[in-house]
Amino acid sequence: ETLQALRFGERCALVTNRSVLTAACGSAREALAAVDATLAQCEESRLSLEGRGKAHLHAYKSLTERIEQLKQRRRAIADVARA
């Protein structure tokens, strides 16, 4: 049961609401603000896991991957906004 509870907690930590990002963005500036907010939240969560010695968990790896995806998305939006 304990391992199941830990796995459940890891999965819960990865839940995101992506529809908010796409539905709430009316301009590139708003999209950048939404990505920046999500990026800050993910980085905060990752640092929290790291600070508690949980960097070995799958959730930490997933957050790291999500942060890289968000950085790529931010660059793409910024490039479109400049064009």
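At 38% relative accessibility, Glu68 counts as partly exposed, and this residue offers a convenient way into the predicted model described here. The side chain of Glu68 meets that of Lys71 in a salt bridge, with 3.9 Å from N to O. Lys71 is likewise partly exposed, its relative accessible area being 31%. Both residues belong to helix α4, where a spacing of three residues puts about one helical turn between them.

The pair is part of a short list, for the structure holds two salt bridges. The other joins the side chains of Asp36 and Arg74, at 2.5 Å from N to O. Here the partners sit in separate helices, Asp36 in α3 and Arg74 in α4, so the bridge ties together parts that lie 38 residues apart in sequence. Asp36 is partly exposed at 31% relative accessibility, and Arg74 is partly exposed too, at 29%. As a general point, side chains of opposite charge can pair when their charged atoms come close.

Stepping back to the whole chain, the fold is built from four helices and zero strands, giving the pattern α-α-α-α when read along the sequence. Of the 83 residues, 20% count as buried. Among contacts with a separation of 6 or more, 62% are made by residues 24 or more positions apart.

The interior can be followed through the largest nonpolar core, which has 13 residues; Cys42, Leu49, Leu70 and Ile77 touch the most other members. Two elements, α3 (28-51) and α4, give two or more residues each to this core. Helix α4 provides the largest share, with seven residues. Helices α3 and α4 thus appear twice in this account, as contributors to the core and as the helices that hold Asp36 and Arg74.

Leu49 deserves a second look. Leaving aside its neighbours within four places in sequence, this core residue is in contact with Lys54, Ala55, Ala59, Tyr60 and Leu63. Leu49 also lines the second largest pocket, as do Lys54, Ala59 and Leu63 from that set of contacts. The remainder of the lining consists of Leu6, Gly9, Glu10, Ala13, Ser45, Arg52, His56 and Leu57.

This second largest pocket encloses about 190 Å³ of space. Its lining draws at least two residues from each of α1 (2-13), α3 and α4. Helix α1 gives the most, with four residues. In chemical character, the lining divides into six nonpolar, three polar and three charged residues.

Glu10, one of the residues lining the pocket, also leads to His58. His58 lies in helix α4, which spans residues 58-82. With neighbours within four places in sequence left aside, His58 is in contact with Glu10 and Leu14. The C-alpha atoms of His58 and Glu10 are 7.2 Å apart in space, although the two residues are 48 residues apart in sequence. His58 itself is partly exposed, with a relative accessible area of 49%; this value falls just on the partly exposed side, because the exposed class takes in values over 50%.

Methods. Residues numbered from 1 in each chain as written. Predicted model: local features only at pLDDT ≥ 70, side-chain atom pairs only at ≥ 80, totals over all residues. Heavy atoms only, no water. Buried < 20%, exposed > 50% of the residue type's maximum accessible area, 1.4 Å probe, protein only. Contact = heavy atoms within 4.5 Å. Core = buried A, V, L, I, M, F, W, Y, C linked by side-chain atoms within 4.5 Å. Salt bridge = Lys/Arg side-chain N within 4 Å of Asp/Glu carboxyl O. 1 Å grid on protein atoms, 1.4 Å probe; cavity = no way out; pocket = protein on both sides within 12 Å on 5 of 7 lines; lining within 4 Å. Points joined across faces, edges and corners; volume = space filled by probe spheres on them. Nonpolar A, V, L, I, M, F, W, Y, C, P; charged D, E, K, R; others polar.
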